[in-house]
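Thank you all for coming; I would like to walk you through one model this morning, beginning at its surface, then turning to its interior, its cysteines and its charged pairs.

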Amino acid sequence: MSLLDNRESFKKLDTEDVFGSIGSMDKQITHGWEQSESLELPKRFENAENVCVVGMGGSALGSDFISAAFGGSLSAPIYIVNDYIIPAWVGKNTLVILSSYSGNTEEVVAAAEEVLGKTDLVAVVTSGGKLGDWAEKNSIAAVVIDPKHNPSGQPRIGIGYGIVGQMVILAKAGLLSVTKEDVQSMALQMKRSHAEYGDAAEEDKNKAKQLAQNIKESLVVLMTAEHTTGAGHIFQNQLHETSKQLAVNFKLPELNHHLLEGMSHPKAVIEKMVCVLVSSELYNKRNQKRIEVTKEVLEKQDICTEVFVPMGKTALEQAVDVVMFASYTTFYLAMLNNINPAEIPWVDYFKEQMK
């Protein structure tokens with residue numbers, strides 16, 4: 001029996017139940033909707049012309065997902081700020097979403113102190129902490145998450161809550177059309193993904209387990225386009241934090257204008273590289289052609305290449321499937337790397353030194 005087909009073997013390493021959190025992502029989506037759909041925003045939020053999301057790490061992943069998956073229906077651009085400072089362009093008609101899963105992310109808390117002097121279109125997504133207290137003190141609209149379906153406590157594995165919390169704020173501000181049916185569609189696709197990539201599917205029929213085996217001890221280069229680019233960022237983040245393995249994420253068509261020439265040196269790195277191309281029949285026809293030619297170029301350079309085609313009939317369903325595939329793949333890779341998928345010792349050490 002393969003190690004990845006033995007669920008009992010996971011428990012020794014997975015002491016915080018990351019696997020359980022992945023298996024509950026569909027519940028995160030529906031529970032997050034139930035918690036946030038009653039949010040009321042003042043009428044002035046209808047004046048929003050652009051969106052600035054302030055968040056770090058796992059807390060910002062929902063913004064990338066929404067910006068890509070809903071790119072064709074968003075009526076305002078979303079800018080993601082991973083820093084302490086509110087940009088100078090933020091003004092009275094900018095909706096600022098402060099996102100911190102814990103509520104104690106120092107960059108987001110610092111930005112909160114600055115933002116009220118720039119706009120009164122401010123909303124918060126958090127589970128509490130300092131940011132939750134700040135929102136209550138200043139009467140700021142907030143989606144306060146009760147993350148009961150994320151037993152691991154890790155923001156990157158509680159991504160369902162982060163996505164839905166921000167979706168609801170954007171919808172209530174009139175910038176995005178989201179219905180209960182959309183949320184149900186996301187949850188149903190996640191259930192289909194669980195069946196396809198979860199522990200019930202053995203390795204010989206499980207693409208997530210197979211990819212984990214194929215990318216072990218490799219530099220992973222993710223290549224995504226259009227509605228899958230946000231999910232690609234989530235994939236990269238989870239490879240770093242869950243699997244403790246180096247990965248980069250590049251977007252088509254931009255990568256075709258420079259990256260392919262950078263695949264020649266250094267040879268020692270190229271030999272340890274695996275490129276994962278996310279393809280879709282929903283991409284623009286030219287981007288579909290780019291996927292084919294990119295694969296051809298990589299293979300001509302003897303670079304190991306994998307192609308993943310997500311399930312789903314819509315852009316939203318496919319983006320959700322990439323998230324689920326990424327979550328399971330990176331968990332299985334953590335098992336192969338013999339590490340606890342929840343622990344982030346170097347990030348924790350860094351934060352401690354910053355105090």
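Let me begin with what I call a patch, which is made of residues with over 30% relative accessible area and no salt bridge, where like charges are joined within 9 Å and nonpolar side chains (Val, Leu, Ile, Met, Phe, Trp, Tyr) within 5 Å. The accessible areas come from the Shrake-Rupley method with a 1.4 Å probe, and for residues only the protein chains shown count as cover. Please keep in mind that this is a predicted model, in which local features need pLDDT of at least 70 and side-chain atom pairs count only at pLDDT 80 or more, while totals for chains, interfaces and linings use all residues. Residues are numbered from 1 along each chain as its sequence is written, and side-chain values use heavy atoms, with hydrogens and water left out.

On the surface, Tyr84, Ile85, Phe350 and Met354 make a nonpolar patch of about 420 Å². Phe350 is found in helix α14, residues 345-354 (helices, H or I of at least four residues, and strands, E of at least two, are DSSP runs numbered from the N terminus). Phe350 is exposed, at 52% relative accessible area, where buried means under 20%, exposed over 50% and partly exposed in between, with a 1.4 Å probe and protein chains only.

Turning inward, a nonpolar core is a set of buried Ala, Val, Leu, Ile, Met, Phe, Trp, Tyr and Cys residues joined through side-chain atoms within 4.5 Å. The largest one has 96 residues, of which Phe65, Leu95, Leu170 and Met223 touch the most other members. Helix α13, residues 315-336, gives the most to this core, with 15 residues. Apart from it lies another core, of 17 residues, including Val54 and Ile140.

What of the cysteines? With a disulfide taken as a pair of cysteine sulfur atoms within 2.5 Å, the count comes to zero. The sulfur of Cys304 has its closest cysteine sulfur in Cys275, 8.3 Å away, which is too far for a bond.

Finally, salt bridges, each a side-chain nitrogen of Lys or Arg within 4 Å of a carboxyl oxygen of Asp or Glu, number 10 by this rule. In one of them, the side chains of Asp199 and Arg7 meet at 3.2 Å, N to O. Asp199 lies in the loop between α8 (180-197) and α9 (207-215), and Arg7 in helix α1 (residues 7-10), so this pair ties together parts that are 192 residues apart in sequence. Another joins Arg192 and Glu317 at 4.0 Å, N to O; because Arg192 lies in helix α8 and Glu317 in helix α13, that pair links parts 125 residues apart in sequence. Arg192 is partly exposed at 41% relative accessible area, whereas Glu317, at 12%, counts as buried.
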